Every structure is written in C-alpha cells, then in structure tokens.
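Me: Could you walk me through reading a few features of a model with more than one chain? I'd like the general idea and then the case in hand.

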Amino acid sequence: MTPNDSPSLEEIAALVAMMSEAERRLEELTEGQTDSVLNAEGQPILLRRAQEQLRLREADQQAAILNALPAHIALLDAEGRIVAHNEGWSRSEAPSVLTGASFPVNSNYVDACARLHGTAAAAAHKAARGIRAVLAGEPTFTFEYRCRVGAGDAWFLMTATPLSRNGARGAVIMHLDITARRKALRDLRASEERFKALFDQAAVGVALADATTGRFIQVNRRFADITGRSPEELMGLAFAEITHAEDLDRYLETMQQMRTGDIREFTREQRYLRKDGAAVWVDVTVSVMWEPTEAPSQCSAVVQDITGRKQLEERIRQAQKLDAIGTLAGGIAHDFNNILAAIGGYTELARIAVSENSSALEDLAAVLQAVRRATDLVRQILTFSRQQAPERKAVELAPLVHEAFSLLRATIPSTIDFDMQIAPDAPTVLADASQIHQVLMNLGTNAWHAMRGQAGRMTVTLDRVVADVPLVTQLPKLRLGTYARLSVRDTGSGMSEDTLRRIFEPFFTTKKQGDGTGLGLAVVHGIMDTHGGAIAVDSTVGVGTVFDLYFPAITTAAPAAAVVVTETPRGGGELILVVDDEVVLARMMMHVLTALGYAVETANDPSVALELVRADPSHFSLVLTDLTMPGMTGLDLADHLRELRPDLPIMLVTGNTDTVTANEVAAKGLQGVLYKPATIHELGCAVHAAIAQPRR
Amino acid sequence: MTALPQFRFRLYLAGTTENSQLARANLTALCREHFAGQYTIEVINVLVDPLRAQRDGAFITPMLVKHDPTPVVRIIGTLNDPELLLRSLGREPVVL
C-alpha cells in the first residue's frame, strides 16, 4: 500500500481522474451508445453503465428464481439478523407462524424465534436452537414441525443451511409446506397396510415370484399353509421345487410361454408337494407382471386348496358307478325273479301232484332248495341296487348287535378276540332289523377274513354321535343332527388305497374264487343308502380296518307289532280274477289258488280284465293284478275297476319294490301288495287277509 | 443484367449489454429492409473472443464494420439512426 504521503499518490489520483474523464468523454462522443472498450492488450473493459446493467440483471434473475420457489426463504447474517428474504417469506397468506411480515429484514430472526410464545413456541424454540448451532459452525439443521393454520393443521419442513459469504458466516433459512406430502405419505402407508392385511389375511394363497427363476419373493400365510412350509422356508425355494413331479413338465412349458410373452396368464388344477411329501390339489392362477418395454420380471400366483373338492368328486364318481352297476344288476335281477317265481311255483305244484312215496319228491325238494338259494342271491342284488324296500321300524340297535355278535363269536375261531362296547345312550333308529343283522354279519365275516391265519381282535361299538360340520363335509350323505354309530374294527391286513376305492362295487372281491361273491359290502352299501345313513371306512395296510356306520336317530320309538302265523289259511270257493301279462305266471297263480280252495279266472291283458268285471261287477271276490303290464299298469287298472265297483278288493303283485310302496298301496285303498317271489304260505295269507278285510 | 452488390458486415459487441443488443437488433432490421438477399452479418462477442477483436482493430463496442463493398466503413454505437447509417454505408434511403 502506498503511504498517504508518498509522492506517487498524486500520480495515482491523476490517473484515476484521467480514467474517469476518458470514460465521460467517450460517453459524450458516442452519445452513450457504447458499452465496452478494448485496452492495448485487447482485453475488453466494460464501461460502468454496462457493468451496472449486467449486475442488476443478474440480481433480477436470482430474485425471480427465489421468488418462484414454493418456499419461504431468508438469508441470515452471523448474528441471526435477516439480511434478505424472498417474496414468499413476507407474503400475507404465508401460513407458517415462523415466517411472515412479523419477521422483516434487519430483525433478528433467532431472537424472535427464541421469544415466541403460544402453540408454536416449542417449534420456534427448537428452530432458534438449531439456527444458533448452524451459525456456530454445525452442519445443516433440519426438522419438521406442525402449526395451526385456520381450521386445520399444516406441516412444515425447516432447514438452516450454513453459508459463508465473503468470509462472514451466515445461514439460509427455508420453510417448506409439506402438509400435502405428509398426507400422501400417510395415505400411502395406510394403503400399504390395507393391502398387506389383505395379502396376509386372504383366504387364498398368494405368492410373488421371480418370473425367470420362479424363486419366491413374497408369500402370504395361507400359501405357506397350503404348501406345508413356513414363509421363511419358501423364500429359499422356487415354484418348480414344490410342483408335483407329474405336473412339472407342463408347468415349465407354460412358464416358458409366459416369459416369451405368448401367454400372460393361466389357470389350472395341479398338485403341489407339501414338505411332508403329501400331494395337495390346488387351483392356481399365475399372471406375469410386465414392466413397460421390458421382459417380465415377476409373476404372481393365486392358489386355492381344492383337495377336499377333488376327494368329493372322486366319491361322487364312485357313487355314480355303484348306481349304474346297481341299476343294471337290478334290471337283470328283476327279470330273473319272475323266472324263479315260475320255477318255484311249478315245483311246489308238482310236489302236491306227485304221490308221497315218489322218488321225484326228493328231487323236487332239491330244486326248491336251489331256487331258494337263487332267490336269496337275487334278493342281495336287489338290496344293493336299492330296489328292495326295507321294512323299516323303530328299533334299538343294541339287541341286534348282541345277537349278531353271539352268532359271529360262535362261528369264528378262538384266535380272534372279541370286544363289544355299547353306549347306553345309543339312539333308536328307523331300520329293517333283518338288514341290520345282515350288515353286521357281512362286516363281521370280512373282519374275520382280514385276520385269517393270525391272532387278532374284532371290536364292535355302538354309540351316539352328533354330526357336526366337519363330519357332514366328510360324509355328504349325512345331515347335521344325531346319529347312532355302529363301528366294526379289526386288526387285520388292512387295505390299499386302490382296494378301498372299489370295495363297494358289486362282484369286486379280494377273496379266492368260491370264498366270496363280492356282494357283501355292496349289500352293506345298499342297505345304508336305503336307511338314509352313511359309511366311513378307515384302513391302514398291516394295521387294520374300521367301518363306521351312521344311522339317523329317531326321537320317538314305536313298538313293532309281532305277527305269528301258523298255517296257510284256505279259501271257501271265492272267485279270484288273476291279471298278469305273463301267461306262465298267471297259470301258475291259478294252480296255486285253486289248490288253496279258491275259484280262479285269468286275464293276460288289463283291458280283458276290465271287460270281465264290467260284465258282472259283483262276480269277483278279489282281483290279483300284476303291477307292470303293457298298455296299463296295475294301479291304473285298479282305478278303472274301482269306477265299476268301488268296494271291489284289489291286490297288487310285483317284483319291484321301488316302483310302489306299501304306503302308496294303502293310499289307493288297495287291499295289499304281494312281492314276488312269494311262497304259497305268503300268498295264502295275503289273499285270505284281502278277502277278509272289511269293504270300503 | 448486373448482379446486386453483396454487403458483408461484422458486428463487434460485448455480450448481452444493452447497447450491444440494441445495435444487433437495429442492424438486423435495417438489413432485412434495405439489403434483403444481399447481406451477411458476422457477430463477434469481444467478451468471448477478444483476440479476434484486437486483430480486426475493433477497440470499442458496439462497432459495425462494413467490409464489402469497399471502401471499408466503421460505425460506432447502437445504429439507431437508419438514414445516417444508410448514407454511411453508401446507400441513400429510398423515398417513395
């Protein structure tokens, strides 16, 4: 620095004056139309006016930028005084209590904040402390605060940024309204939580996986449950690793088609393998999640466990198969019954006709014995085909169980232990006692066969159960309510799943030829069906089998009436009209009834029968009509006959108990129904009773 | 038919300062009106290229130099008087 008293000072002053004069003169000469000159080195020197223009323009631009910001901004000096602020700072609608006209230029902002009272005091004090720290050299201070604005609250973000200006410390203070941002963030969180809850608590399994590798990215609780693994275990696995081997090829092929974009989504039924190795049937929908212009990166799967439905479908298929076989077998059995009736009837007639010491008598007895065996077989077929109406009465199962149990114990070798448990509260059921007896004998025989050649235990239990929703789901034939449960358990060889699937099919047997007809369980099944009950079977190979039979309970028990018949009643020459389209059967009936002391006329056509009665309605004491005839059924014929003579006794004869029930017969006012094949004794009793009945 | 003479201008200016921008605007307007199709303007910012300005002998801004047609003419200022400017450039204003 040149000292004041230096002789060069005068020269400097003179040069400055010259510069000043030179610039003034230049302006004068060019009428103020120039803005720069180039010195001797060629460096441009802006004239003062041009410099000022540029400075002002730059300041204008910066101010415009600051004012356009949606924030309240102020520049503080080292003491915390406001040096300058943008327009937003002082705008009257400025909502923050920490900005506005009450904090003008030159006021000390930090002190003002520190002194503030009221609802925003805490925020203001915190701001003051933060700014002081920044002015003291700390880095940027940031905090969010809330203040009351009008009727609601607003949120602000305040930042204090250290600033070094021309060597002096200062700070830039900025308040930014973040109410909308916070609300958006809160809404987003709430939305995320809602979707997370939806995801976690969904009743269907949901999984998110990498579209390329199939590795799981996220799974919900239900998905983990279905696949028998924890969500953590699944994170290390891919879809292919839990897919059943038989479904894997198809799955991989479809996923490839998805990756190439050929398909976007597929739905199918397939199997997953649970951790324990069990297969679980699922209905799965997989969709790829495409990102714009890029290959698929993730895929989602929505999975429902349909194992229960699949099992149900299988049971229904089995039931339909049994129904079809039953219908077929029943149809054959019905025709066969008529043939047996003829053979049996004529044989009995032949026995009456031959002399007592004839050698043919023994042969005829053998024929009758064979007929009885054939009839029994047909009866069994009709039972499982449900064409044999049971004679159901209110019965206690306990005495039946005792009786069957004693019989089995007497027949079965002593290597088998017997156990019987009968609950005292086992309910009364509506059942056909002889059929229940047959069920017990069939199951008991099977149990014994399963334990043949080894020691074992057969347990028969009878108790009361209340069918709840799980049981009804397992056995769709049951309804919610009380049942008597009859269980037959053995410790025998057990059955494989394949065998279990077929045990109720008629003629299906695992026994040696000649040991069983394959009808035993089919008959049990048929009997349970006609009783409105159900069967559950549980069997493990090498451990044993248990059959649970469920009979619907009845609330009131009615005592069964006992009928004791000693000998066949005979007629006194009453005239009976026999109507049957099968000539052989009509003739046989005529022979038998004649032998029993009745007079008989026959008609092989219902219309002929009608004409005979029309000719003399009081002529006949009884009409015996077949049910199934061409042109007119026995029931229709009965209606027409009643028009001719309302009190004419009429009795139906039928081999098919499904077509007409005793109740229907009674409702029609008929005198009774006789089921073929019937013995002479049964026919004699029925005819006698029908004629003896009081007239309507 | 003789070809119209081609006018070749160089304008030296100092960035976005007021007088320089005025000179540029005035020159462009004048050329469009009076030298349509027969002029080229080269603009030299002395703040960017001071050596070029020194070489060309441009010692002040704004300065217009007409190189063609000869003679070379130099004009200092904002070029705000079109009549004076046209006379200086050797073309009388057309009076209708």
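Reply: Let's go feature by feature, starting with some ground rules. This is a predicted model, so local features need pLDDT of at least 70 and side-chain atom pairs count only at pLDDT 80 or more, while totals for chains, interfaces and linings use all residues. Residues are numbered from 1 along each chain as its sequence is written, chains are lettered from A and ligands numbered from 1 in the order in which they are written, and side-chain values use heavy atoms, with hydrogens and water left out.

Me: How many helices and strands does chain A have?

Reply: First, the rule: helices (H or I, at least four residues) and strands (E, at least two) are DSSP runs, numbered from the N terminus. Chain A comes to 22 helices and 24 strands. Buried means under 20% relative accessible area, exposed over 50%, and partly exposed in between (1.4 Å probe, protein chains only). By that rule, 42% of the 696 residues of chain A are buried. For contacts, the rule is heavy atoms within 4.5 Å. Among contacts in chain A between residues at least 6 apart in sequence, 58% join residues at least 24 apart.

Me: Now a sheet. What is the strand order of the open sheet in chain B?

Reply: In general, strands of a sheet pair through backbone hydrogen bonds, either parallel or antiparallel. Here two strands pair if DSSP finds at least two bridges between them. The open sheet in chain B has four strands in the order S2-S1-S4-S5, with mixed pairing. Its edge strands, pairing on one side only, are S2 (39-45) and S5 (73-76) of chain B. Strand S1 (residues 7-13) of chain B runs parallel to S2(B), and the two share seven bridges. If you want a spot to look at, Leu11(B) stands opposite Val43(B) in S2(B).

Me: Which peptide bonds are cis around the loop between S4 and S5 of chain B?

Reply: Take Asp68(B) to Pro69(B): that bond is cis, with omega near -15°. Thr70(B) to Pro71(B) is cis as well, with omega near 0°. Pro69(B) sits in the loop between strand S4 (63-68) and S5 of chain B, and Pro71(B) is placed in the loop between S4 and S5 too.

Me: And what about positive phi: is Leu79(B) buried or exposed?

Reply: Leu79(B) has a positive phi of about 60° although it is not a glycine. You'll find Leu79(B) in the loop between S5 and helix H3 (82-88) of chain B, and at 9% relative accessibility it counts as buried. Asn106(A), with phi near 80°, also has a positive value without being a glycine, but this residue is exposed, at 60% relative accessible area.

Me: How do I read a buried polar residue? What does Ser96(A) contact?

Reply: Ser96(A) is found in the loop between helix H3 (87-90) and helix H4 (109-115) of chain A, and its relative accessible area is 3%, so it is buried. Leaving aside neighbours within four places in sequence, Ser96(A) is in contact with Tyr145(A), Cys147(A), Phe156(A) and His175(A). A polar atom of the Ser96(A) side chain also lies 3.0 Å from the backbone nitrogen of Leu98(A).

Me: On to salt bridges. Which residues form a network with Arg24(A)?

Reply: Side chains of opposite charge can pair when their charged atoms come close. The rule is a side-chain nitrogen of Lys or Arg within 4 Å of a carboxyl oxygen of Asp or Glu, and the count comes to 36 over all chains. Arg24(A) and Glu21(A) meet at 2.7 Å, N to O; both lie in helix H1 (residues 8-29) of chain A, three residues apart, about one turn of the helix. The network links Glu21(A), Arg24(A), Arg25(A) and Glu28(A). For another case, the side chains of Asp463(A) and Arg485(A) form a salt bridge at 2.9 Å, N to O. Asp463(A) is in strand S16 (residues 456-467) and Arg485(A) in strand S17 (residues 481-490) of chain A, so the pair ties together parts that are 22 residues apart in sequence.

Me: Last one: how many salt bridges are there between chain A and chain B?

Reply: The count there is zero. In contact are 19 residues of chain A and 21 residues of chain B.

Notes. A polar contact is a pair of N or O atoms within 3.5 Å; within protein, one must be able to donate a hydrogen and the other to accept it, and residues adjacent in sequence count only if both atoms are side-chain atoms.
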